[in-house]
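Trainee: Please take a close look at one part of this molecule, the second largest pocket. I would like to know what lines it and what kind of chain it sits in.

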Amino acid sequence: MILNIAGQTAYAYTGGKPFDPALPTAVFLHGAEHDHSVWILQTRYFAHHGFNVLAVDLPGHHRSSGAPLTSIEALADWTVQLLDAAGVARALLIGHSMGSLIALETAARYPERVEKIALVGTAYPMKVSDALLDAAAHREAEAIDMVNTWSHSSIANKPSFPAPGFWMHGGNQRLMERVSRSNSAQVFLVDFSACNSYRNGLAAAARIRCPVLFVLGRRDVMTPPKAAQALIDAMTASGVTVDTRLLDAGHAMMGEQPDATLDALYGFARR
């Protein structure tokens with residue numbers, strides 16, 4: 001599905017089903033230097049089981065044109081522009097890593113537009129080391145290699161991985177390389193800088209009024225579960241309904257534990 005947002009092309013994968021305004025809508029938001037395809041299993045299931053799916057390529061990422069946006073706040077505003085362009089009044093927002101911050105900020109800024117939020121592999125603050133920022137600025141291949149290694153909880157797929165012959169690590173590396181080639185801007189650096197400079201997380205959490213699900217990886221070294229606790233505490237103190245699912249996975253849990261991730265997200269969406 002191609003939408004026009006502020007004069008730029010925005011691509012949203014609909015899960016293999018036509019967009020139906022009569023159905024509830026789930027918006028999937030990817031992380032740094034990724035695109036819609038990280039959600040491929042989860043989005044197809046949602047689309048074939050009662051939901052509209054808008055799995056977006058954020059601005060400047062792969063099929064969406066324009067420059068990558070430089071702040072989480074700007075990406076939250078863009079998300080609501082996406083809803084406007086698709087004719088969606090309210091939606092469930094599901095975000096991974098950087099996408100989780102976008103979902104959080106959108107729900108805080110536009111509570112009337114957000115039904116629920118699911119924060120997958122999240123942390124606040126989402127600090128990025130100086131070494132990684134420097135690599136993203138000057139040696140992007142090295143940055144991609146570091147993030148790819150840290151995103152997975154093991155060095156090889158399990159023999160029982162649900163997609164035989166699937167090279168999870170290689171696929172993630174090639175995806176980041178493809179997103180990088182799709183735009184002359186330094187997408188990885190822009191994304192990491194947006195996460196690193198985001199300062200509104202706790203204030204946003206305190207303004208959340210919709211139900212929230214945290215999906216966290218027990219072996220996540222990029223955003224370890226304890227790094228989400230401040231957000232959980234802030235939301236709980238505000239009286240928000242907060243659920244947490246801890247999966248046996250690293251940061252790339254949509255690939256490492258696709259079925260468990262789907263179960264958590266779909267169960268939350270159907271309540």
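Mentor: I will start with the whole chain and then go to the pocket. This is a predicted model, in which local features need pLDDT of at least 70, side-chain atom pairs count only at pLDDT 80 or more, and totals for chains, interfaces and linings use all residues. Residues are numbered from 1 along each chain as its sequence is written, and side-chain values use heavy atoms, with hydrogens and water left out.

The chain contains 11 helices and 8 strands. Here helices (H or I, at least four residues) and strands (E, at least two) are DSSP runs, numbered from the N terminus. The C-alpha trace spans about 45 × 40 × 40 Å along its principal axes. The radius of gyration is 17 Å, which agrees with the value near 18 Å that a compact globule of 271 residues would have. That radius is taken over C-alpha atoms, and the globule rule is 2.2 Å times the number of residues to the power 0.38. Of the 271 residues, 54% are buried. Buried means under 20% relative accessible area, exposed over 50%, and partly exposed in between, with a 1.4 Å probe and protein chains only. Of the contacts between residues at least 6 apart in sequence, 76% join residues at least 24 apart; a contact means heavy atoms within 4.5 Å.

Now the pocket. Rolling a probe the size of a water molecule over the atoms shows where empty space is left. On a 1 Å grid over the protein atoms alone, a cavity is a set of points where a 1.4 Å probe fits but cannot get out, while a pocket is an open set with protein on both sides within 12 Å along at least five of seven lines; lining residues have an atom within 4 Å of a point. Grid points are joined across faces, edges and corners, and a volume is the space filled by probe spheres set on the points.

The second largest pocket holds about 350 Å³ of space. Its lining has 22 residues, and those closest to its centre are S97, V147, F192, M222 and H251. Two or more lining residues come from each of helix 5 (140-151), helix 6 (168-181) and helix 7 (187-197). Helix 5 gives the most, with 3 residues. By class, the lining has 12 nonpolar, 9 polar and 1 charged residues. In this count Ala, Val, Leu, Ile, Met, Phe, Trp, Tyr, Cys and Pro are nonpolar, Asp, Glu, Lys and Arg are charged, and the others, Gly among them, are polar.
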